[in-house]
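Visitor: I have a new model open and a few minutes to spare. Can you walk me through it?

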Amino acid sequence: MSAYTLTRSTAIERDTACGSHVYVLQVVCTSLDGRDPNVFVYHEGMPTDPIHGDLFSNVASLSDMNEIPFKKTVLALGTTVLALQPRELLGVDSVAAGVDTSTTTIPYYRTTDVTLELPNMMEYERCWNIIVKDVMALASNQDAYKRTHQDQTINI
């Protein structure tokens, strides 16, 4: 059973400020069965970072899906709205350890889309294949988690 749809845009070739070319890979994830489609993890840029802006980190793991808040991105309007998850989804361990999650900043967030600038078409295809493989692994882990959290009766 399919859980997600990944849609990639046509490769866009773009010139950079230093005169080289990059190929832009844009991927959007949607859910087919009500799962959270915010599967791409970003690290929020800090003012002291040498590279400005938010950086793509990884495709979310099962624990990332429960612990990292998501940010809704409205690409057509160019605005971003932070959507906070309920406190219990931020991680039972952090609350149990006495960490006040109401004031703790999580420098990571999840979103439904990723944009990568790649040096050539081989890297473009390689990154696309890695994203597909990682999202498939996430869906498989979510299915396994659901199976292990259901009562089972076996007659032998």
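Guide: We can go from the overall layout to the core and then to the charged residues. Keep in mind that this is a predicted model.

Visitor: Fine. How many helices and strands does the chain have?

Guide: Three helices and nine strands. In sequence order the pattern reads β-β-β-β-β-α-β-β-α-β-β-α.

Visitor: And what share of the residues counts as buried?

Guide: The chain has 156 residues, and 27% of them count as buried. Its accessible surface is about 10,400 Å². Carbon and sulfur atoms hold 57% of that surface.

Visitor: What about contacts between residues 24 or more positions apart?

Guide: They account for 63% of the contacts with a separation of 6 or more.

Visitor: Now the core. Which residues of the largest nonpolar core touch the most other members?

Guide: Tyr4, Leu25, Val39, Phe40 and Ile131, out of 25 residues in that core. The elements giving two or more residues to this core are strand 3 (21–31), strand 4 (40–43), strand 9 (113–118) and helix 3 (121–148). Helix 3 supplies the largest share, with seven residues.

Visitor: Take leucine 25. What is it in contact with, leaving aside neighbours within four places in sequence?

Guide: Leucine 25 contacts Arg8, Val114, Thr115, Leu116, Leu118, Tyr124, Cys127, Trp128 and Ile131.

Visitor: Switching to charges. How many salt bridges are there?

Guide: The count comes to seven. One of them joins aspartate 36 and arginine 110, with the closest N and O atoms 2.9 Å apart. This pair links distant parts of the chain, 74 residues apart. Aspartate 36 sits in the loop between strand 3 and strand 4, while arginine 110 is in strand 8 (residues 108–111).

Visitor: Are those two buried or exposed?

Guide: They split. Arginine 110 is buried, with a relative accessible area of 0%. Aspartate 36 is partly exposed at 24%.

Visitor: Which residues are linked in a network of salt bridges?

Guide: Asp33, Arg35 and Asp143. Within that network, arginine 35 and aspartate 33 meet at 2.8 Å, N to O. Arginine 35 counts as buried, because its relative accessibility is 10% and the cut-off is under 20%. Aspartate 33 is partly exposed at 29%.

Visitor: Any salt bridge inside a helix?

Guide: Yes, arginine 126 with glutamate 123, at 3.0 Å between the closest N and O atoms. Both lie in helix 3, three residues apart, so about one helical turn separates them. Both count as partly exposed: arginine 126 has 42% relative accessibility, and glutamate 123 has 25%.

Visitor: Now aspartate 64. Where does it lie?

Guide: In helix 1 (residues 62–67). Aspartate 64 is buried yet has no salt bridge.

Visitor: Why no salt bridge for aspartate 64?

Guide: Distance. The nearest side chain of opposite charge, arginine 110, is 7.6 Å away. A salt bridge needs the nitrogen within 4 Å of a carboxyl oxygen, so this pair does not qualify.

Visitor: Then what does aspartate 64 contact, leaving aside neighbours within four places in sequence?

Guide: Val41, Asn58, Val59 and Arg110. So Arg110 is on the contact list, where heavy atoms within 4.5 Å are enough. As noted, arginine 110 forms its salt bridge with aspartate 36.

Note on methods
Residues are numbered from 1 along each chain as its sequence is written. This is a predicted model: local features need pLDDT of at least 70, side-chain atom pairs count only at pLDDT 80 or more; totals for chains, interfaces and linings use all residues. Side-chain values use heavy atoms; hydrogens and water are left out. Helices (H or I, at least four residues) and strands (E, at least two) are DSSP runs, numbered from the N terminus. Buried means under 20% relative accessible area, exposed over 50%, partly exposed in between (1.4 Å probe, protein chains only). Lys and Arg count as positive and Asp and Glu as negative; His and the chain ends are not counted. A nonpolar core is a set of buried Ala, Val, Leu, Ile, Met, Phe, Trp, Tyr and Cys residues joined through side-chain atoms within 4.5 Å. Accessible areas come from the Shrake-Rupley method with a 1.4 Å probe; for residues, only the protein chains shown count as cover.
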